[in-house]
Amino acid sequence: MNIETIGARILAIAVLVSLAACSDETTPGDDALGDDAPGGRDTETEPGEADFEGLTATQLLVRASLDLRGVRPSVEELAAVEADEGAIDTLTEGFVDDSRFGDRMGDVFAGAWRTRIDSYEGGGPEFIGGDLPRYVGDEPSNLIAFIALNDRPYTDLVDSEYTYVAEELATLWGLETVAAGEDLLPAGTVRGRYVDGRPQQGVLSMNSVFWRTESTIENANRGRANALSSALLCQSFLDRPIDFPTDLDLTDSESIRNAIRTDPACQGCHSTLDPLASYLWGYMYPEAAFYQSTYDVPGELGWTAHTGVEPGYFGRQGSRMTDLAGFVAADERFVSCAVQTVYEGMMGRPVQLADEGALAEHREDFLASGLSLKSLVLSILRSPTYRGMAYEPRFGGSPAPVQGKVVPVEVMSSAMKSLTGYELRYFGREAMTVDFALRRLAGGSDRGSAYDVSTGAVLVQRRLAEGGAVYAVQTVLDGGQSSGLLDAYLRAVDLSAEPTAEDLASLVALVRSRQVDPSDEAVTALATLWRDAQSASSATDAWATVLTAVLADPDLLLY
């Protein structure tokens, strides 16, 4: 048995898992969720009913660990909370100091920048496959991760003179690498500085941002300006109502330019959009065959020849990107947008009108902390809404409590990898990061919205469970060692013999973050599954089948 030929076993495993599920006397929903799943303590009570009193300490531990670290809690952490529920706050609040916290914040903001796409064909052949597209796409997220890891003020997003990218990309782009000192860097990155004369202003200086949103001379950077407004201020010009002139000839460029300058309906947007776009001409390369990695300093004045609109920010005049960065950092919408983005990421749903009072509370905490992402996250972590309880914020509103949500694509991947050490690859890239592979099927996309959900997530989870189970077992049999938590467990049991009830109870605790008694029905069902699989194949295949069943449990998709 090896990972390359796993496909031949998928059908047999799936059938065995289904047989085991059917043999359980409980309903599929009861056992799949269990007592420790959101809403699962009373199987006759539907989530959302008035008697739901919020998450248990164990449920909160699982939710916070997945949201802030991207992995399920350890058995030791689970035991600590079950021994003393009062330890939950100290334990979960410590997650913001974990090295994985930065990656999770990068994931939360990735949907705002939309740079995590499958390929950057305009960058040349080398940016179509392999890891380079991922390196480019992670550039804004890496800066967010750095800010979070080092508890830097959020204004560094537009103030930082450095970028954080893979060393290979830094070399290709000709960046100057700078020693990190005592600062913590996102995994796999170096600290770099652009040396082509561009203003050093965080995301406003990044190739990735302007590679992702192209512009023609005719568009004059307007699409780019709107992308910046959406990402930094959570306000898209495309959301504004437009009374479009019906007599405008869209085939005549001069007619369009004249309407933009003179028609009141057009000016409603263009009076603020075009000045914002005029800051971005240094990234325009109309004659180049591919995206350029260097900045065109003289090109900054391109607006003088093409639009005649001076750079400005909602009525305030400027000249270079440094001015734009200062305007953004001082804009109240910049702060509110950060709060909204993190709130949506942790709640697993878009904000609603009823959330406005809660958002105001978290905004106050964010401002009081000097715009610390750690403080903002802790403010949301402590809120009744996040813990599944209804309350009325002091600023009004009545936010809907989050009683259960679906694991985001990035978390599904990282949690499975942390357990098994397995990573499904697609043409040299992690399949869960590529739309054409598994990401879109699981409900993700380059938009990266934390609340996008697809029923395909169940199929993706099953595929990762099958691959991870076989990989974990085969690695031990081959005498190797994986990075997954299951590695130590599998080395401690006899893979040639039937597992004991205690073995299976320990497996459930490790994978599902749920302590069960060896006599529990779930343990009995797994024991039956092992025997059925062993009779059809072998003991080691039976172990892989049992692991698949536990890893594919719907409980791992809900938290």
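Q: Buried means under 20% relative accessible area, exposed means over 50%, and partly exposed means in between (1.4 Å probe, protein chains only); why is Tyr426 called partly exposed?
A: The relative accessible area of Tyr426 is 31%, and this value falls between the two limits, so the residue is called partly exposed. The structure is a predicted model, in which local features need pLDDT of at least 70 and side-chain atom pairs count only at pLDDT 80 or more, while totals for chains, interfaces and linings use all residues. Residues are numbered from 1 along each chain as its sequence is written, and side-chain values use heavy atoms, with hydrogens and water left out.

Q: What makes residues 425-426, where Tyr426 is found, a strand?
A: Helices and strands are DSSP runs numbered from the N terminus, a helix (H or I) having at least four residues and a strand (E) at least two. The run 425-426 is strand E6, and by this rule the chain has 26 helices and 7 strands.

Q: Which residues make the nonpolar surface patch of about 410 Å², and what makes them a patch?
A: The patch is made by Tyr426, Phe427 and Phe436. Patches consist of residues with over 30% relative accessible area and no salt bridge, where nonpolar side chains (Val, Leu, Ile, Met, Phe, Trp, Tyr) are joined within 5 Å and like charges within 9 Å. The 31% of Tyr426 passes the limit of over 30%, so this residue can take part.

Q: How do you know that Arg193 and Glu176 meet in a salt bridge?
A: A salt bridge is a side-chain nitrogen of Lys or Arg within 4 Å of a carboxyl oxygen of Asp or Glu. The N to O distance between Arg193 and Glu176 is 3.0 Å, which is within that limit, so the pair counts. The pair links distant parts of the chain, with Arg193 in strand E3 (residues 190-193) and Glu176 in strand E2 (residues 176-177), 17 residues apart. A search of the whole structure finds 32 salt bridges.

Q: What makes Lys417 and Glu423 a salt bridge, and which network do they belong to?
A: The closest N and O atoms of Lys417 and Glu423 are 3.0 Å apart, so the pair meets the distance rule. Lys417, at 34% relative accessibility, counts as partly exposed, and so does Glu423 at 24%. Salt bridges that share partners join Asp131, Arg134, Lys417, Glu423 and Arg425 into one network.

Q: Why is Glu430 said to have no salt bridge?
A: Lys and Arg count as positive and Asp and Glu as negative, while His and the chain ends are not counted. The nearest side chain of opposite charge to the buried Glu430 is Arg425, 5.5 Å away, and this is not within 4 Å, so no salt bridge is counted. Glu430, which is found in strand E7 (residues 429-430), does touch Ser413, Glu423, Leu424 and Arg425, not counting residues up to four places away in sequence; a contact here means heavy atoms within 4.5 Å.

Q: How do you know that a disulfide joins Cys234 to Cys337?
A: A disulfide is a pair of cysteine sulfur atoms within 2.5 Å. The S to S distance of Cys234 and Cys337 is 2.0 Å, so the pair qualifies, and by this rule the count comes to 1 disulfide. Cys234 lies in the loop between H12 and helix H13 (253-262) and Cys337 in helix H17 (residues 332-347), so the pair ties together parts that are 103 residues apart in sequence. The torsion about the S-S bond is about 75°, so the disulfide is right-handed.

Q: Why do Cys234 and Cys337 get their accessibility labels?
A: Cys234 has a relative accessible area of 30%, which lies between 20% and 50%, so Cys234 is partly exposed. Cys337 has 3%, which is under 20%, so Cys337 is buried.

Q: Why is Asn221 called buried, and what is its phi?
A: The relative accessible area of Asn221 is 0%, under the limit, so Asn221 is buried. Asn221 has a positive phi of about 70° although it is not a glycine, and it lies in the loop between helix H11 (207-212) and helix H12 (222-233).

Definitions and conventions. Accessible areas come from the Shrake-Rupley method with a 1.4 Å probe; for residues, only the protein chains shown count as cover.
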